[in-house]
Amino acid sequence: MALTTNYGIHILRDGDTYESNPDDMYAFRVDYTGDAIELSAGDSAWTLTENMATVARGPAIVRSPRAVTVIRGYAPRTQSVSLAGGTNLPYINGCSSEQLIAPVRPGDPTMQLLYIPPHSSEQAHHIHATARVVHVLEGLGKSIVGMDGGEVIELSPGMTLVLDRMVPHHFETAEQPLLVAPIHVWSSTPLEQGHPMFYGTIKT
Ligand SMILES: [Fe+2]
């Protein structure tokens with residue numbers, strides 16, 4: 001079982017499993033047991049090996065020594081992509097990223113690669129509309145979670161974090177860089193903020 005913190009962060013290490021929040025619109029589970037997974041038609045399994053990111057389209061049998069994220073109701077083509085090649089997209093506060101598995105259509109799930117250099121904050125404290133499954137690949141850092149300091153989660157390679165939707169957070173580094181691979185269980189588009197609360201609120 002994953003360790004769940006006060007602020008909606010779930011920490012998985014080797015041997016753990018996690019089922020998505022039943023209130024969530026998008027169902028997924030994370031399996032870090034290393035056992036064979038019978039993937040159903042219509043679902044997909046997202047995982048990492050030593051140097052590859054892989055998505056398997058069901059039906060299939062999937063086994064991985066790393067955490068496997070099974071996304072219900074989304075089945076892109078089976079594909080593998082190398083982690084080698086670094087990050088080529090500029091991001092925020094010195095960070096950079098790469099789309100390992102891009103969304104087929106805007107808003108579809110995606111796996112990103114995120115490099116955070118030493119002495120950086122990934123970005124300002126923020127929330128996401130959908131859950132994130134974050135694989136810690138290399139380096140050291142910490143995740144700051146909740147409001148007003150909240151809690152601090154030390155990050156090291158081999159950990160997998162699940163961040164519930166709307167959990168305030170950001171990542172920070174000290175002397176070492178940090179390399180993570182976050183899965184956006186469903187991704188975002190600019191239209192996400194096109195709703196009455198945003199349009200009806202004018203800052204004075
Ligand atoms: Fe984030």
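Let's start with N21, which counts as partly exposed because its relative accessibility is 28%, and partly exposed covers the range between the buried limit of 20% and the exposed limit of 50%. Please keep in mind that this is a predicted model.

Where does N21 sit? You'll find N21 in the loop that links β3, residues 17-19, to β4, residues 28-31. Its side chain has a partner there: a polar atom of the N21 side chain lies 2.9 Å from the backbone nitrogen of D23. And which residue 110 positions away in sequence is 9.3 Å from N21 in space? That is A131, with the distance taken from C-alpha to C-alpha.

Now let's go to another loop, the one between β7 (52-57) and β8 (60-62), where we meet P59. The peptide bond joining G58 and P59 is cis, with omega at about 5 degrees.

Two more loop residues deserve a look for their backbone angles. N93 has a positive phi, near 55 degrees, and it is not a glycine. You can find N93 between β11 (89-90) and β12 (96-101). M166 also has a positive phi, near 70 degrees, again in a residue other than glycine. M166 belongs to the loop between β17 (160-163) and β18 (169-172).

Are these two buried or exposed? Neither, in fact: N93 has a relative accessible area of 46%, so it counts as partly exposed. M166 is partly exposed as well, because its relative accessible area is 46%.

Let's turn to the strands. Strands of a sheet pair through backbone hydrogen bonds, and the pairing can be parallel or antiparallel. In this model, eight strands make up an open sheet, and their pairing is antiparallel. If you want to trace the order on screen, go β1-β2-β17-β14-β19-β13-β12-β11. Which strands stand at the edges? They are β1, residues 3-4, and β11; each has a single partner strand, so one side of each is left without a neighbour in the sheet.

To finish, let's zoom in on one pair in that sheet. How many bridges join β2 to β17? There are four, and the two strands run antiparallel, with β2 covering residues 9-12. Within this pair, H10 stands opposite V162 of β17. And β17 takes us back to a residue we've already met: the loop holding M166 lies between β17 and β18.

Note on methods: Residues are numbered from 1 along each chain as its sequence is written. This is a predicted model: local features need pLDDT of at least 70, side-chain atom pairs count only at pLDDT 80 or more; totals for chains, interfaces and linings use all residues. Side-chain values use heavy atoms; hydrogens and water are left out. Buried means under 20% relative accessible area, exposed over 50%, partly exposed in between (1.4 Å probe, protein chains only). A polar contact is a pair of N or O atoms within 3.5 Å; within protein, one must be able to donate a hydrogen and the other to accept it, and residues adjacent in sequence count only if both atoms are side-chain atoms. Two strands pair if DSSP finds at least two bridges between them.
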